[in-house]
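I opened my notebook to a fresh page and decided to look things up one at a time. Here is what I wrote down as I went.

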Amino acid sequence: MALIELKGIKKVFRQGELQVEVLKGIDLTIERGEFVAVMGPSGSGKSTLMYIMGCLDRPTEGKYYLNGIDVFSLKDDELSKLRAKFIGFVFQSFYLIPYLNVLDNVLVPVDYLPKEEKKKRFKEKSPEEKAKELLKRLGMGERLKFKPAELSGGQKQRVAIARALINSPEVILADEPTGQLDSASGKAVMETFKELHSEGKTVIVVTHDPAVASYADRVIKIKDGKVEE
Amino acid sequence: MRPKEVLLSLLHNKVRTAFAVLGILFGVVSLVLIVAAIEGSSQEAKKVIEKLGPDSVLIISGSIKKGPRSSFQNLTLKDVNEIGRLEGIFALTYGIVKPTMISSSESSKFSSVFGVGKNWLVSWNYQIEEGRGFTEKDFKELRKVAVVGHDVSDFFWPGQSPVGKVILVGKTPLRVIGVYKKKGKTPNGHNLDNRVFIPYGVFDKTVEKTYEKVSVIRFRVLNPKEYDEIVKETREILLRNHRPDEFIVITPVVVKKFLSMLSATLAFFLGIASATALVVGGFVLSSIFYVNAYVREWEVGLRKALGATKREIVGLFLGEALAVAVISSLIGSLLGAAAIKVILPGLKIPVVYPIEAFIIAPIFAVLVSLFAVYFPAKRASEFEPVKALRKKA
């Protein structure tokens, strides 16, 4: 069973009288353990596709199976729990909560795991222990008590990656993860994704940057709302 | 959402939190105050009734419409004698009063001079501190003797015992035989210690001709079961001798009614004030949290992306509302306690700190806060994650 299976995904945005078809029937399968880059120019619909793959947005038409689950037959709150269990997000603008320190930011998703899942996933290590370990591994072990405002862009993105990993999700979904970083920090972030992939994680990176896409094993090009693999 | 996160969020935006707390704070203070005021005035009412005696009947000249007028003496010794023939009563007494100039050889002052019947001092609970009270002989032989209050004795003979001294009431010299213990002031501010008591017959001869009029009659009932019947009989006697608007019969039931009417009025006005304060506080909190929800729209989007359900988003905001309510309640209770001490004496209400006040006010604060914040919280929980995430600058 494929991890991600999209069938005939269409997305139409309505703006008054105007209808814009952003995705025009996308069929896509991603297996467990792949490192995929979704590439395309801005306005190509790649972000919309990422939001649909991340269960944050619903398509106008089409089917999406995540780990065999018919995603869009679920209600909003069930989708939320599905995200908590399966998906770790990394965003272009980090989205760290300003009033929480590094460690607490990483721990936010833990509260949203269903109780049984939480027990299962943190059987060996407590969430705090795991968060500290992840941050240490990402070179943030000395900055657990720092507030986001005290960090550089590269450091913020590393905290965001630790947050994406804390619940041990099936998929890491990254939207332009290097978009706001200098080239050295961007490179370091991509190296981290590569490392995670080598450990067996499924990583999907959405980008317009060929250099970023070059880290992936498979590049899916989106143009005018269609796949050009 | 952990409690720590709630506090960190509140601390992060101190101005917002301060306004939210202030909004609820006033409601808490006024609620604490109103509960204490009601409790204090009901205690006061109980005290007044205890003072009056639950078994006593008081008749004064005047009418309910025109108010008691001690200067219009409608009651007479005939009433006293007829009431005295009723069975099942005791400690019957009567009196007449006139503000009169009293003097010694050196100085003079105005004082309330009472011509009183037997039992007066005991019946009204004047306790003799020095000397003695009146005896049968004082009344029978119309002895020119007086029992005085502390204000009188301290004025004429500071630091000395007044017993045996002579005062002039009008032009008549009277010998002081006793001083009663300090009684302070009535709730209306009448000084109870600036009084001179003399036998009724002596009053008639020295202060003013009484024509057998009296201003107050008081007696007590032996068996509480007969109380209503005796009051009814008393009224019948008085109605035979007077028009209905010439006298007022005061019983503890009447006093209770009057006092509870007063405290109900108080509760009503203070209640409106504190309800208004809380409702306004609720609106303030609600609008602060509406703004808060939109300012943090991206945070809501993020939390939803990370797996938060609508309920968990509502819980996030309600958690903050609860914290605001708790902080407001703590500060408000302290300020309320201070307000009790400062404001209640001005309203002539005894200072009390009823435990209910410090329970009811926080409960209301929590309910109002949760109710006020529920709507913005609900609105926030319905933000669509994709749109919400785009709101971050």
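The entries below follow the order in which I looked.

**Entry 1: how far to trust it**

I reminded myself that this is a predicted model. I looked up the overall scores and found ipTM 0.95 and pTM 0.75. For chain A, the mean pLDDT is 93, and 100% of its residues reach 70 or more. For chain B, I noted a mean pLDDT of 88, with 96% of its residues at 70 or more.

Then I asked which element of chain B has the lowest mean pLDDT. It is strand 2 (residues 67–68) of chain B, with 54, while helix 10 (residues 297–305) of chain B has the highest, 96. I wrote a reminder to myself that where pLDDT is low, the predicted coordinates should not be read in detail. In chain A, the lowest mean among the elements is 88, for strand 10 (residues 226–228), and the highest is 96, for helix 3 (residues 102–107).

**Entry 2: a sheet in chain A**

I traced an open sheet of four strands in chain A, and its order is 2-1-4-5, with antiparallel pairing. Which strands stand at the edges? I found strand 2 (18–30) and strand 5 (69–70) of chain A there; each has a single partner strand, so one side of each is left without a neighbour in the sheet.

I then looked at strand 4 (residues 61–66) of chain A, which is joined to strand 5 of chain A by two bridges. Across this antiparallel pair, A:Tyr65 stands opposite A:Asp70.

**Entry 3: an enclosed helix in chain A**

I checked helix 1 (residues 46–53) of chain A for burial. Eight of its eight residues are buried, so the rest of the structure largely encloses this helix. I listed some of the buried residues, among them A:Lys46, A:Leu49, A:Tyr51 and A:Met53. Just after helix 1 of chain A, I spotted A:Cys55, which takes a positive phi of about 60°.

**Entry 4: strand 9 of chain B and its partners**

Next I turned to strand 9 (residues 172–180) of chain B. I followed its pairings one by one:

- Strand 6 (residues 128–131) of chain B runs antiparallel to strand 9 of chain B, with three bridges between them. Here B:Ile128 has B:Tyr180 as its bridge partner.
- Strand 7 (residues 145–148) of chain B runs parallel to strand 9 of chain B, and four bridges join the two. I found B:Val148 opposite B:Val179.
- Strand 8 (residues 166–169) of chain B is antiparallel to strand 9 of chain B and is also joined to it by four bridges. In this pair, B:Leu168 faces B:Pro173.

I looked at how strand 8 and strand 9 of chain B connect, and they form a hairpin with two residues between them. In the turn, B:Gly170 has a positive phi of about 65°.

**Entry 5: the domains of chain B**

I looked up the division of chain B: domain 1 covers 3–48 + 257–389, and domain 2 covers 75–241. How many Å separate their centres? Taken over C-alpha atoms, the separation is 55 Å.

**Entry 6: where the chains meet**

I counted who takes part in the contact: 22 residues from chain A and 19 residues from chain B. On the chain A side, helix 2 (residues 76–86) of chain A gives the largest share, six residues. By class, I noted 13 nonpolar, two polar and seven charged residues on that side.

**Entry 7: the nonpolar cores**

The largest nonpolar core has 118 residues, and A:Val38, A:Ala162, B:Val32 and B:Phe317 touch the most other members. Its largest share, 15 residues, comes from helix 2 (residues 14–52) of chain B. Apart from this core lies another, of 45 residues, including B:Trp124 and B:Tyr200.

I picked out B:Val32 and, beyond residues up to four places away in sequence, found that B:Val32 touches B:Gly332, B:Ser333, B:Gly336, B:Ala357, B:Phe358 and B:Ala361.

**Entry 8: one last residue**

I finished with B:Val284, which sits in helix 9 (residues 252–295) of chain B. Is B:Val284 buried or partly exposed? I found 17 other C-beta atoms within 10 Å, and buried needs 20 or more, so B:Val284 is partly exposed. Leaving aside neighbours within four places in sequence, B:Val284 is in contact with B:Phe19 and B:Gly23.

How values were computed: Residues are numbered from 1 along each chain as its sequence is written. Chains are lettered from A and ligands numbered from 1 in the order in which they are written. This is a predicted model: local features need pLDDT of at least 70, side-chain atom pairs count only at pLDDT 80 or more; totals for chains, interfaces and linings use all residues. Two strands pair if DSSP finds at least two bridges between them. Domain bounds come from an automatic or database domain assignment. Two residues are in contact if their C-beta atoms, placed from the backbone, lie within 7 Å. Ala, Val, Leu, Ile, Met, Phe, Trp, Tyr, Cys and Pro count as nonpolar, Asp, Glu, Lys and Arg as charged, and the others, Gly among them, as polar. pLDDT is the predictor's confidence in each residue, from 0 to 100. A nonpolar core is a set of buried Ala, Val, Leu, Ile, Met, Phe, Trp, Tyr and Cys residues joined through C-beta atoms within 7 Å. A residue is buried if 20 or more other C-beta atoms lie within 10 Å of its own, exposed if 12 or fewer, and partly exposed in between; C-beta atoms are placed from the backbone.
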